[in-house]
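Student: I'd like to go through this protein and ask how each label gets its name. Can we take it one label at a time?

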Amino acid sequence: MSVEAKYKRVVLKLSGEALSGGSGFGINPDKMKAIAKELKEVHDLGVQIAIVVGGGNIWRGHTGEEMGMERAQADYMGMLATIMNALGLQDVLENIGVPTRVQTAIEMREVAEPYIRRKAERHLEKDRVVIFAGGTGNPYFSTDTAAALRAAEIDADVILMAKNGVDGVYSADPQKDASAEKYSDLTHLDIISKGLQVMDTTASSLSMDNDIPLVVFDLNQPGNIRRVVLGEEIGTTIRGEE
């Protein structure tokens with residue numbers, strides 16, 4: 001029996017930390033393969049998948065701050081880190097038969113395509129997974145903002161915010177506050193007004209202005225990407241104003 005996906009075109013936001021497998025640094029091969037396997041299951045459903053990767057497992061901005069580095073310089077180093085993660089993920093996906101393209105916001109033609117919106121959409125229509133690397137290509141903007149921007153540009157149905165060991169949005173850090181309340185539904189305005197640490201304010205505003213829903217879920221629970229795409233009520237769903 002065939003199953004019908006709720007979302008036909010998704011942007012998956014993967015943090016660099018998620019690729020490190022809990023160690024916080026570097027790429028964990030087993031974790032990368034597990035993520036790729038889940039993505040293949042979703043791809044086999046006929047869902048068009050775009051991915052925005054972070055780079056915190058290779059370079060963190062606060063390291064640059066401690067060195068006295070200029071913010072823009074540190075941010076460009078972070079963008080290069082996301083490209084390394086994207087190339088690694090591409091290779092693992094293609095090794096299990098998932099056609100993939102990496103597009104970078106910073107031109108690097110020897111290793112990836114430059115970001116071109118119409119070309120990205122064409123790849124998705126041809127059932128290729130597109131990995132967006134290099135953030136927005138500009139300093140002072142996070143990869144969360146890149147995810148919201150690319151989702152708006154390619155007219156994605158949803159942003160899937162994959163968290164490392166956190167199963168949704170809470171009123172406080174559940175690891176530090178036992179009384180923290182988990183939300184099942186929120187609006188983008190709630191995220192901004194309550195100061196909830198889901199994505200930065202620029203990304204939240206961009207998602208709100210373009211009416212793009214967001215689902216925050218635990219990546220460490222096997223099968224969760226597929227569950228979200230099929231419309232199961234897991235994690236926290238964030239929408240525009242009713």
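Student: Let's start with Met-199. Why is Met-199 called buried?

Tutor: This is a predicted model, so every value here is computed from it. The relative accessibility of Met-199 is 8%, and buried means under 20%. The value falls under that cut-off, so Met-199 counts as buried.

Student: Where does Met-199 sit along the chain?

Tutor: Look in the loop between helix H7 (188–193) and helix H8 (201–209).

Student: What does Met-199 touch, leaving aside its neighbours within four places in sequence?

Tutor: With those set aside, Met-199 is in contact with Asp-144, Met-161, Ser-204, Ser-207 and Leu-214. There's also a pair worth finding on screen: Met-199 and Ser-142 are 57 residues apart in sequence, and their C-alpha atoms are 9.0 Å apart in space.

Student: And Trp-59, is that one buried or exposed?

Tutor: Do the check again. Trp-59 has a relative accessible area of 15%, and the cut-off for buried is under 20%. So Trp-59 is buried. You'll find Trp-59 in the loop between strand S2 (48–53) and helix H3 (61–66).

Student: Which residues are in contact with Trp-59, apart from its neighbours within four places in sequence?

Tutor: They are Gly-64, Met-67, Met-69, Ala-74, Met-77, Gly-78 and Ala-81. For another pair to look at, take Trp-59 and Ala-112: they are 53 residues apart along the chain, and 20 Å separates their C-alpha atoms.

Student: Now Asp-44. What makes Asp-44 exposed?

Tutor: Exposed means over 50%. Asp-44 comes out at 54% relative accessible area, so the label is exposed. Asp-44 belongs to the loop between H2 and S2. Its C-alpha atom is 21 Å from that of Leu-87, with the two positions 43 residues apart along the chain.

Student: How do you know that Asp-155 counts as exposed?

Tutor: Same kind of reasoning: relative accessibility is 58% for Asp-155, and exposed starts over 50%. That's why Asp-155 counts as exposed. The loop to look at runs between helix H6 (143–153) and strand S6 (158–163). Asp-155 also has a positive phi, about 60°, although it is not a glycine.

Student: Then what is the label for Asp-127?

Tutor: Asp-127 has a relative accessible area of 40%. Buried would need under 20%, exposed would need over 50%, and partly exposed is in between. So Asp-127 is partly exposed. Asp-127 is in the loop between helix H5 (117–125) and strand S5 (129–133), and its phi is positive too, near 65°, again in a residue other than glycine.

Student: Let's move on to helices. Why is H6 called roughly parallel to H8?

Tutor: H6 and H8 pack at an angle of about 10°, with 8 Å between their axes. Angles under 35 degrees count as roughly parallel, so H6 is roughly parallel to H8. Asp-144, Thr-145, Ala-148 and Leu-149 of H6 make the contact with Thr-202, Ala-203, Leu-206 and Ser-207 of H8. By type, those residues divide into four nonpolar, three polar and one charged. The crossing of H6 and H8 is left-handed.

Student: And what makes H2 and H4 oblique?

Tutor: The axes of helix H2 (residues 29–43) and helix H4 (residues 71–95) cross at roughly 60° and come within 9 Å. Roughly parallel would need an angle under 35 degrees, and roughly perpendicular covers 65 to 115. The angle fits neither, so H2 and H4 are oblique to each other. Met-32, Lys-33, Ala-36 and Leu-39 of H2 make this contact with Asn-85, Gly-88, Leu-89, Val-92 and Leu-93 of H4. Those residues divide into six nonpolar, two polar and one charged. The crossing of H2 and H4 is right-handed.

Student: Last one, about the whole protein. Why is it called as compact as a globular protein of that length?

Tutor: The protein has nine helices and eleven strands. Its radius of gyration is 17 Å, and the globule rule gives 18 Å for 242 residues. Those two values are close, so the protein is as compact as a globular protein of that length. Also, 50% of the 242 residues count as buried.

Technical notes:
Residues numbered from 1 in each chain as written. Predicted model: local features only at pLDDT ≥ 70, side-chain atom pairs only at ≥ 80, totals over all residues. Heavy atoms only, no water. Axes fitted to C-alpha atoms, helices over the stretch in contact; angles between N-to-C directions. Helix = DSSP H or I, 4+ residues; strand = E, 2+ residues; numbered from the N terminus. Parallel < 35°, antiparallel > 145°, perpendicular 65-115°, else oblique. Left-handed = near helix turned anticlockwise from the far one by under 90°. Contact = heavy atoms within 4.5 Å. Nonpolar A, V, L, I, M, F, W, Y, C, P; charged D, E, K, R; others polar. Rg over C-alpha atoms; globule rule 2.2 N^0.38 Å. Buried < 20%, exposed > 50% of the residue type's maximum accessible area, 1.4 Å probe, protein only.
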